[in-house]
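Let's walk through this model together, one neighbourhood at a time. Keep the sequence and the 3D view side by side as you read.

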Amino acid sequence: MDFRQLRTFSCVAELGSLSKASDTLRVAQPALSRQIKLLEHELRTELFTRNGRGMVLTEAGRLLLARTSGIVRQIDQIRDDIQSSQGPPSGQVVLGLVPTVSCVLSARFARRCVEKFPGISLRIVESYSGHLVEWLHRGEMDLGILYGRSADLHLNVESLGRDNIVAVGPRGCGLARKKSVDIGWLLRQRLVLPSHSHGLRALIEHAAAQRKIKLNVQLEADSFRVLTSLVEEGLGFALLPPSSVHGEVADGRLETTAVSKPMTRELIFASPIDRPVSTASLAVTALLREEVAACRKDGVWDIKLS
């Protein structure tokens, strides 16, 4: 296996198409196809299933991608770092954000990054904490802002503070007129929650178990935007950080209030522990810290310092 073959394989796997990979790598399709075939010949197995919709990874292909994607990114970063040493930072940086942070931070931060570092290609990935941690460990992501107990993650971590959780309901539900609601009352209502794989669900389940309450969950949504839209439709209450629904509350589409016994989650800034940090990642990290501080100062993100 040589690096050119692995880089071609990684690009085709990510885009799911030879034609898209050809445009990205600026290499003719027949040349890319030949590199894939040479790689399959050497490994004595098919890496893709070809169909009318594109290129789909086989089980062997998924294994190869998991083992090599981080290596390909590190070699690309070496090239970018050498080029950056002669001028402004350049190269790709992959930033992972949990959905409730992404809705507050991503657009503001992307604008600042484009203005300050035109040579950096920023890719923002939105997912839940468990997926972000896995991608950081595999080298597929450079930086992340996520929830979790920092000591358990085996990553370079920095605590950003704690996010409060509030009750969220539809317009006219009466939450806005209350200073707070009893957590026991809230947990007995019809709820719209993420699935059990989500850290927020575990936090709510734990609170219910302490009070011996069986949750009434008729609808689940692992998409943050779907979850809030279900609440808007009056299909149940949710528990979310207030910053994540600031716009909907301001527009009168949702109502929020505090819960009687505060529920919080630690929010952390994370990066891989076992790899050198690229020049572009260092620049993005510094800018990201500035933007988090600016969001606090502007009042659009009410995360509490630890």
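Ser180 stands opposite Ala258 in strand S11. Strands, like helices, are DSSP runs numbered from the N terminus (strands are E runs of at least two residues, helices H or I runs of at least four). The pairing behind this contact is between strand S7 (residues 180-181) and S11, which run parallel and are joined by two bridges. Two strands count as paired if DSSP finds at least two bridges between them.

Before going further, a word on what you are looking at. This is a predicted model, in which local features need pLDDT of at least 70 and side-chain atom pairs count only at pLDDT 80 or more, while totals for chains, interfaces and linings use all residues. Residues are numbered from 1 along each chain as its sequence is written, and side-chain values use heavy atoms, with hydrogens and water left out.

Strand S11 also leads us to another strand, S6. S6 and S11 (residues 254-259) pair in the antiparallel sense over four bridges. You can find Ala167 opposite Thr257 in S11, and Pro170 opposite Leu254 in S11.

Which other strands does S6 pair with? One is strand S12 (residues 263-271), which runs antiparallel to S6 (residues 156-170) and is joined to it by nine bridges. Here Val157 faces Ala270 in S12. Another is strand S10 (residues 238-240), again antiparallel to S6, with three bridges between them. In this pairing, Val166 has Leu240 of S10 as its bridge partner.

Now let's turn from strands to charges. Side chains of opposite charge can pair when their charged atoms come close. The whole structure holds 14 salt bridges, each defined as a side-chain nitrogen of Lys or Arg within 4 Å of a carboxyl oxygen of Asp or Glu.

Take Glu14 and Arg123, which form a salt bridge whose closest N and O atoms are 3.3 Å apart. This pair links distant parts of the chain: Glu14 belongs to helix H1 (residues 3-15) and Arg123 to strand S4 (residues 120-126), 109 residues apart. Are these two partners buried or exposed? Glu14 counts as exposed, at 52% relative accessibility, while Arg123 is partly exposed, with a relative accessible area of 36%. In these terms, buried means under 20% relative accessible area, exposed means over 50%, and partly exposed lies in between (1.4 Å probe, protein chains only).

A second pair is Arg201 with Glu220, whose closest N and O atoms are 2.9 Å apart. Arg201 lies in helix H8 (residues 199-210) and Glu220 in strand S9 (residues 216-220), so this salt bridge ties together parts that are 19 residues apart in sequence. Arg201 is buried, with a relative accessible area of 4%, whereas Glu220 is partly exposed at 44%.

A third example is the salt bridge between Asp251 and Arg253, with 3.3 Å between the closest N and O atoms. Asp251 is exposed, at a relative accessible area of 54%, and Arg253 is partly exposed, at 33%. Elsewhere, Arg108, Arg112, Glu290 and Glu291 are joined into one network by salt bridges that share partners.

Next come the helices. Two packed helices are described by the angle between their axes and the distance between the axes. Helix H2 (residues 18-25) packs against helix H3 (residues 29-43) at an angle of about 110°, with their axes 9 Å apart. The axes are lines fitted to C-alpha atoms, for helices over the stretch in contact, and angles run from 0 to 180 degrees between N-to-C directions. H2 is therefore roughly perpendicular to H3, since that label covers 65 to 115 degrees, with angles under 35 counted as roughly parallel, over 145 as roughly antiparallel and the rest as oblique.

Where do these helices meet? Leu18, Ser19, Ala21, Ser22 and Leu25 in H2 are in contact with Gln29, Leu32 and Ser33 in H3, contact meaning heavy atoms within 4.5 Å. By class, this contact has four nonpolar, four polar and no charged residues. Ala, Val, Leu, Ile, Met, Phe, Trp, Tyr, Cys and Pro count as nonpolar, Asp, Glu, Lys and Arg as charged, and the others, Gly among them, as polar.

Finally, look at two buried residues. Gln5 lies in helix H1 and is buried, with a relative accessible area of 9%. Leaving aside residues up to four places away in sequence, Gln5 touches Gln35, Leu38, Leu39 and Glu42. Ser129, found in helix H6 (residues 129-138), is buried at 16% relative accessible area. With the same sequence neighbours left out, Ser129 touches Val98, Leu146 and Tyr147.
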